[in-house]
Amino acid sequence: MKILVVEDELSLQELMTKALKQEGYVVENAMDFGSAMEKIGTYSYDCVLLDVNLPGGSGFDILERMKKEGVRSDVIIISARDSIDDKVRGLELGADDYVTKPFETKEIIARIKAVLRRTKQQSDSDIKEVKYDKLKINLTNYELEVNGKSIDTPPKELELIYH
């Protein structure tokens, strides 16, 4: 799993990066709006930890651009801004979670795992067909094909699947 930490406070960025690497994540960092946009536009991330107040721009602007450009990454906002209006704005712009500073790194890790779990469950439910060797099962209409031919009654070899 690859995570981008967008945080301009170096000590916090280093703390989160260390904790995430200990959990086995691949971590990249950005400290300002421009470098965050460059990385998000160039690489794919499973999750982005996004500060709102950044040099050169706002984390909210990054969220808007991600949404507009169809970037599919989970986003958890990490911000000192704790007003309900900021939280609602971030969530409405597409963030999956909003955590206010200060926070414990183990809470952030738990929230990352929860967000990634939800995303995996959604993507698993998006599977439309299963293929194995010469067998194809369409999970939308439950059609079975063997060697590219539609099968109404399964051949003897496949009877074990149904019993």
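This briefing describes the helices, the nonpolar cores, a cavity and a few individual residues of the structure above. The model is a predicted one, and its chain contains 6 helices and 11 strands. Of the 163 residues in the chain, 34% are buried. Among the contacts in the chain with a separation of 6 or more, 51% are accounted for by residues 24 or more positions apart.

**Helix α3**

- Helix α3, which spans residues 59–69, has as its buried residues Gly 59, Phe 60, Ile 62, Leu 63 and Met 66. These residues lie on the same side of α3, because the arc they cover around the axis is only 155°.
- The face of α3 turned away from that buried side carries Lys 68 and Glu 69, both of which are exposed.
- The cover over the buried residues of α3 comes from several elements, including the helices α2 (33–42) and α4 (84–92) together with the strands β3 (47–50), β4 (53–54), β5 (57–58) and β6 (74–79).
- At the start of α3, the backbone nitrogen of Phe 60 has a side-chain oxygen of Ser 58 within 2.9 Å, while just after the helix Gly 70 adopts a positive phi of about 70°.

**Ile 62 within α3**

- Ile 62, which is placed in helix α3, counts as buried because its relative accessibility is 0%, the cut-off for a buried residue being under 20%.
- Not counting residues up to four places away in sequence, Ile 62 touches Phe 33, Ala 36, Met 37, Ile 40, Leu 50 and Leu 54.
- One of these partners, Ile 40, is 22 residues away from Ile 62 in sequence, and the C-alpha atoms of the two residues are 9.1 Å apart in space.

**Helix α2**

- The buried residues of α2 are Phe 33, Ala 36, Met 37 and Ile 40. Viewed down the axis of α2, these buried residues fall within an arc of 95°, so they line one face of the helix.
- On the other side of α2, the residues Glu 38 and Thr 42 are exposed.
- The buried residues of α2 pack against the strands β1, β2 (26–30), β4 and β5, and also against helix α3.
- The N-terminal end of α2 is capped by Asp 32, a side-chain oxygen of which lies 3.2 Å from the backbone nitrogen of Gly 34.

**Nonpolar cores**

- The largest nonpolar core consists of 21 residues, and those with the most contacts inside it are Val 6, Val 48, Leu 50 and Ile 62. At least two residues of this core are supplied by each of β1 (2–6), α2, β3, α3 and β6.
- Leaving aside neighbours within four places in sequence, Val 6 is in contact with Ala 30, Ala 36, Val 48, Leu 49, Leu 50, Asp 51 and Leu 54.
- A second core, separate from the largest one, has 19 residues, among them Cys 47, Ile 78, Ile 108 and Leu 116.

**The cavity**

- A search of the whole structure finds 1 cavity of 30 Å³ or more, and the space in the largest cavity amounts to about 30 Å³.
- The lining of the largest cavity is made up of Met 16, Ala 19, Leu 20, Phe 103, Thr 105, Ile 108 and Ile 109. The elements that contribute two or more residues to this lining are the helices α1 (10–22) and α5 (105–125).
- Ile 108, named above as a member of the second core, is thus also one of the residues that line the largest cavity.

**Two buried polar residues**

- Gln 13, whose place is in helix α1, is buried with a relative accessible area of 6%. Leaving aside neighbours within four places in sequence, Gln 13 is in contact with Val 5, Glu 7, Asn 29, Ala 30 and Met 31.
- Asp 97, whose place is in strand β7 (residues 97–100), counts as buried because its relative accessibility is 15%.
- The side chains of Asp 97 and Arg 111 are joined by a polar contact of 2.8 Å. Not counting residues up to four places away in sequence, Asp 97 touches Val 75, Ile 76, Ile 77 and Leu 91 as well as Arg 111.

Definitions and conventions
Residues numbered from 1 in each chain as written. Predicted model: local features only at pLDDT ≥ 70, side-chain atom pairs only at ≥ 80, totals over all residues. Heavy atoms only, no water. Buried < 20%, exposed > 50% of the residue type's maximum accessible area, 1.4 Å probe, protein only. Helix = DSSP H or I, 4+ residues; strand = E, 2+ residues; numbered from the N terminus. Arc of directions from axis to C-beta. Contact = heavy atoms within 4.5 Å. Polar contact = N/O pair within 3.5 Å; in protein donor to acceptor, adjacent residues only side chain to side chain. Core = buried A, V, L, I, M, F, W, Y, C linked by side-chain atoms within 4.5 Å. 1 Å grid on protein atoms, 1.4 Å probe; cavity = no way out; pocket = protein on both sides within 12 Å on 5 of 7 lines; lining within 4 Å. Points joined across faces, edges and corners; volume = space filled by probe spheres on them.
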